[in-house]
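Let's take a friendly walk through this model, starting where the chains meet and then looking at a strand and a helix.

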Protein chains: 2
Amino acid sequence: MSLLGIDIGGTKIAFAVLSEDGTLGSKETVLIEGRKGDEVGALITKTLKILQDKLAEEEKRIDSIGISVPGIYRQKTATVWAPNIPGWDDYPLLKKVKESSGEIPVIIDNDRACSMFGELWQGNARGCRNAVFIAVGTGIGAGILVNGEILRGQSDIAGATGWMALKTPYEEKYKGCGCFEYYASGAGMVKVARETAMEFNYYHGDLSDTDDGKLTASDIFEAFDSGDPVARRVVDQSIRLWGMAVANFVSIFNPEKIILGGGIFGPAEKYLQQIKDEAARWAQPISFSEVSVEVSSLKGDAGVYGAAYLAMKNRGLISYSENNV
Amino acid sequence: MSLLGIDIGGTKIAFAVLSEDGTLGSKETVLIEGRKGDEVGALITKTLKILQDKLAEEEKRIDSIGISVPGIYRQKTATVWAPNIPGWDDYPLLKKVKESSGEIPVIIDNDRACSMFGELWQGNARGCRNAVFIAVGTGIGAGILVNGEILRGQSDIAGATGWMALKTPYEEKYKGCGCFEYYASGAGMVKVARETAMEFNYYHGDLSDTDDGKLTASDIFEAFDSGDPVARRVVDQSIRLWGMAVANFVSIFNPEKIILGGGIFGPAEKYLQQIKDEAARWAQPISFSEVSVEVSSLKGDAGVYGAAYLAMKNRGLISYSENNV
């Protein structure tokens with residue numbers, strides 16, 4: 001039995017073949033490289049075909065496909081809204097993939113839910129009924145497990161954690177991304193580092209070369225390690241806000257686990273203790289004493305694991321009580 | 001069919017008899033007046049007996065009892081932790097009431113859940129599957145409905161909204177109550193008004209008489225209306241924080257309704273539009289466009305309605321899909 005997990009990101013798409021015991025067979029990644037609309041759909045079906053041909057040579061086949069999308073999957077219309085893929089405002093992804101996959105069942109869910117499912121199946125949330133996966137990458141979102149089920153909200157956009165209000169008063173610059181994401185997402189940290197470098201008089205550090213558009217969050221973490229004052233301010237502020245967000249999830253959800261993942265965790269893993277210390281100051285103390293705050297062990301693979309988990313469920317191979325997908 | 005809803009607060013206990021169509025028959029309130037531990041249990045059973053005798057004169061009887069408790073109800077041990085009732089750290093309330101109620105079924109839940117159930121049954125949340133009841137009284141808590149079920153968390157303390165981190169950096173004074181509750185609960189507003197009155201030089205306004213311990217949130221709202229500068233600062237700050245908390249619930253839960261209740265809403269109802277305006281700036285915009293933010297129509301009775309609803313459910317009279325109680 002081979003499960004195909006496809007994790008669509010803003011810049012690349014990962015394809016992973018897994019068995020139903022969670023063993024990762026093979027994984028490959030294709031770059032989106034400026035494609036838009038149906039070109040991205042075509043890239044997926046083309047790669048799927050290549051994968052199928054390759055498996056056929058080994059006399060294997062894909063038995064079920066799960067897809068993680070970066071945005072909203074509208075179950076009623078089977079369409080995708082993905083803000084970082086131009087032309088995917090209401091893209092009929094299920095139809096597109098089914099045209100190519102034939103009899104193989106296909107299931108789609110959003111990346112927040114998929115990451116949480118990945119952690120639940122093969123990562124740090126195994127056995128949990130109540131857990132939160134905070135994904136900090138270019139943006140910030142959360143996959144939230146409540147009593148064994150993914151929190152959906154009335155229209156599948158629950159978990160929009162980037163919009164968490166953590167700092168008063170409101171500033172106009174939060175418009176379009178939200179307060180938490182403005183400061184503490186990957187893109188946010190880069191933007192704030194640039195602003196801060198310009199504010200600091202006589203600053204000529206590693207983060208001062210702000211024109212080439214190539215500054216990344218990794219550069220900021222490196223500069224932090226070498227004592228750069230701009231990086232210090234940006235990272236310290238992010239640690240504080242990550243800690244406050246963790247605290248808010250703890251106080252509101254009383255979960256067993258909070259898992260930090262996405263591209264930033266990753267490099268920001270080394271700040272975990274500081275994040276926990278900050279969270280401990282803010283959170284409801286009994287709830288905080290009961291929660292375990294961890295960094296994802298699946299790292300960037302949480303999405304493909306979760307997509308493969310959905311694929312397995314969609315074949316009726318497990319009886320896990322998740323009613324909504 | 002008569003349902004008895006009992007709503008235990010920090011200072012008083014309300015007893016209401018309702019029919020299964022939600023008609024409020026009678027309601028009476030007894031004061032706790034410094035009682036503690038088993039004395040409070042005895043006050044409940046004594047009042048229950050008086051009520052039963054009164055109903056018997058009319059040839060009526062109580063068919064089912066529901067009780068709302070101000071804290072945590074531990075279902076496994078059937079005991080109550082209520083921080084504002086001395087001696088109720090692990091009080092066996094179910095056993096106590098059952099000794100007196102005999103054959104009448106008794107069910108207990110926490111006040112956050114009961115308020116939400118009250119709104120769901122007879123208030124503004126009728127027909128909702130995803131809604132949040134933010135109770136602002138002496139403290140702050142929330143009853144949260146997710147996909148038709150109350151959010152419990154791993155140990156029944158989900159919804160500890162008073163601990164929401166909304167202002168950076170952390171201050172030691174938040175310890176013991178949480179940041180949101182420190183500023184924007186009834187007790188918090190009084191405390192902050194006193195601090196502010198002392199900070200303001202030459203202030204001799206209505207809120208300057210801070211020694212007698214009798215200042216209430218209502219005094220602050222009255223002073224606000226007459227232009228008092230201390231009241232203005234305290235109320236403006238509360239409006240901002242209430243708006244941010246509403247926004248955070250909207251972004252995280254994508255609910256159909258947010259209902260503001262508790263003793264403060266009440267008098268703070270007149271600030272609803274300002275709270276909505278503040279929330280609109282912070283929240284995920286699609287989710288915010290889909291939510292209705294309202295003040296409780298049941299006011300202080302949400303708890304007894306919710307308790308009576310539980311009593312009805314416990315008699316198996318309704319089939320509403322709520323698995324956890």
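How many residues does the contact take from chain B and from chain A? In this predicted model, chain B brings 47 residues to the contact and chain A brings 47 residues. Together the two chains bury about 3,900 Å², with 61% of that area on carbon and sulfur atoms. Three residues, B:Gln154, B:Ile252 and B:Trp282, supply 19% of the area that chain B buries against chain A, more than any other three residues. As for salt bridges between chain B and chain A, the count is zero.

**How the copies are related**

A turn of 180° with a shift of 0.0 Å along the axis lays chain B on chain A, and the RMSD is 0.0 Å. That is the relation of a two-fold axis. Of the interface residues of chain B, 100% are also interface residues in chain A, so the copies meet through the same surface.

**A strand in chain B**

Is strand β8 of chain B, residues 131-136, largely enclosed or largely open? Five of its six residues are buried, so β8(B) is largely enclosed by the rest of the structure. Two strands pair with β8(B), and the table sets them side by side.

| Partner of β8(B) | Residues | Bridges | Direction | Opposite pair |
|---|---|---|---|---|
| β9(B) | 140-146 | Six bridges | antiparallel | B:Phe133 and B:Gly143 |
| β11(B) | 257-261 | Five bridges | parallel | B:Ile134 and B:Leu260 |

The link from β8(B) to β9(B) is a hairpin that passes through three residues.

**A helix in chain A**

Now for helix α2 of chain A, residues 93-101: which of its residues are buried? They are A:Leu93, A:Leu94, A:Lys96, A:Val97 and A:Ser101. These residues cover an arc of only 165° around the axis, which puts them on the same side of α2(A). On the other side of α2(A), A:Lys95 and A:Glu99 are exposed.

What do the buried residues of α2(A) pack against? Their partners in chain A are the helix α1 (38-57) together with the strands β1 (2-8), β4 (64-69), β5 (72-74), β6 (79-81) and β7 (106-110). Just after α2(A) comes A:Gly102, which takes a positive phi of about 65°.

How values were computed
Residues are numbered from 1 along each chain as its sequence is written. Chains are lettered from A and ligands numbered from 1 in the order in which they are written. This is a predicted model: local features need pLDDT of at least 70, side-chain atom pairs count only at pLDDT 80 or more; totals for chains, interfaces and linings use all residues. Side-chain values use heavy atoms; hydrogens and water are left out. Copies are superposed by least squares on the C-alpha atoms of residues with pLDDT of at least 70 in both. Contact means heavy atoms within 4.5 Å. Buried means under 20% relative accessible area, exposed over 50%, partly exposed in between (1.4 Å probe, protein chains only). Helices (H or I, at least four residues) and strands (E, at least two) are DSSP runs, numbered from the N terminus. Two strands pair if DSSP finds at least two bridges between them. The arc is that of the directions from the helix axis to the C-beta atoms. Buried area is the accessible area (1.4 Å probe) that two parts lose on being put together, summed over both. A salt bridge is a side-chain nitrogen of Lys or Arg within 4 Å of a carboxyl oxygen of Asp or Glu.
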